Amino acid sequence: MKVSHSLISIISLVLVIPFSNAYDPSPLQDFCVAVGNLNNVFVNGKFCKDPKQAKAEDFFYSGLNKAGSTNNNVKSNVTTVNVDQIPGLNTMGISLVRIDYAPYGQNPPHTHPRATEILVLVEGTLYVGFVSSNQDNNRLFAKILHPGDVFVFPIGMIHFQVNIGKTPAVAFAGLSSQNAGVITIANTVFGSKPPIYPEVLAQAFQLDVNVVKDLEAKFASKN
Ligand SMILES: *[C@@H]1O[C@H](CO)[C@@H](O)[C@H](O)[C@H]1NC(C)=O
């Protein structure tokens, strides 16, 4: 009885695993170094060059020792190193960012449609968190990070980081996609082109319509 039960479990596992969701494709060869975009031709990822033509430079990037400028409204800067910077990342399912935060700066609430993120704080003090989905009752998972601390933002969850210290903060993060994508909530909702009707957002966010018009004007003037 027991044996046949575990046999059934194993068989169902074997049947289910091949159909589990995979985001970035798994490479079917050593590598698939991306070649430049062809106009108006799209593939899921990038075309790859002849593997014999691949060079060390295709897997290389330099400059992540430099801070991005935090002279902006949110006082933070994300330097992205994905397949656009390293063509050798094509089909590898991974990328990297450096995030700089001025004192009291923040990386505002956003989500990555294609990646889970693992962040390590190198310098400063961050308050970080993500919110789970409606199904999980929108719980906030938050922590204060000190240098050496690591936090994970699961794929799709809205998350943020705030520098709560008086000094600059620096973090690095790995993402489980060659092109994770970013949806910054405020910019996306209030800064769409053309704008979403203010009445729609007034009801959705339970705000006075004039407040929404104000927000839309503010975010329209930014990129
Ligand atoms: C981030 O930093 C780079 C390099 O300093 C700069 O060119 C870019 O404009 C900055 N982005 C923002 C949003 O401030």
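Three exercises on this predicted model follow, each with a worked solution.

Residues are numbered from 1 along each chain as its sequence is written. Local features need pLDDT of at least 70, side-chain atom pairs count only at pLDDT 80 or more, and totals for chains, interfaces and linings use all residues, while side-chain values use heavy atoms and leave out hydrogens and water.

**Exercise 1. The fold**

State how many helices and strands the protein has, and in which pattern they follow along the sequence.

Solution.
- Step 1. Count the elements: 4 helices and 10 strands. Both are DSSP runs, numbered from the N terminus; helices are H or I with at least four residues, strands are E with at least two.
- Step 2. Read along the sequence: α-β-β-β-β-β-β-β-β-β-β-α-α-α.
- Step 3. Take the contacts (heavy atoms within 4.5 Å). Of those with a separation of 6 or more, 70% join residues 24 or more positions apart.
- Step 4. Check burial. Of the 223 residues, 30% count as buried. Buried means under 20% relative accessible area, exposed over 50%, and partly exposed in between (1.4 Å probe, protein chains only).

**Exercise 2. The ligand**

Find which residues are around the ligand, and which of their atoms lie 3.0, 2.7 and 2.3 Å from a ligand oxygen.

Solution.
- Step 1. List the shell: Gly68, Ser69, Asn72 and Asn77. A residue belongs if one of its heavy atoms lies within 4 Å of the ligand.
- Step 2. Sort the shell by class: 4 polar, no nonpolar and no charged residues. Gly counts as polar in this scheme.
- Step 3. Look for polar contacts, here pairs of N or O atoms within 3.5 Å. Serine 69 places a backbone N or O atom 3.0 Å from a ligand oxygen. Asparagine 72 brings a polar side-chain atom to 2.7 Å from a ligand oxygen. For asparagine 77, the polar side-chain atom lies at 2.3 Å from a ligand oxygen.
- Step 4. Work out the cover. The ligand taken alone exposes 360 Å², and the protein buries 36% of that. Areas come from the Shrake-Rupley method with a 1.4 Å probe.

**Exercise 3. Helix H3**

Decide which residues of H3 (residues 198–205) are buried, and why they lie on the same side.

Solution.
- Step 1. Pick out the buried residues: Pro198, Leu201 and Ala202.
- Step 2. Check the arc, taken from the directions from the helix axis to the C-beta atoms. These residues share a side of H3 because they cover an arc of only 105° around the axis.
- Step 3. Turn to the other side of H3: Gln203 and Ala204 are exposed there.
- Step 4. Find the cover. Helix H2 (185–190) and helix H4 (209–220) are among what covers the buried residues of H3.
- Step 5. Look just after H3. Glutamine 206 takes a positive phi of about 55°.

Terms used
A polar contact is a pair of N or O atoms within 3.5 Å; within protein, one must be able to donate a hydrogen and the other to accept it, and residues adjacent in sequence count only if both atoms are side-chain atoms.
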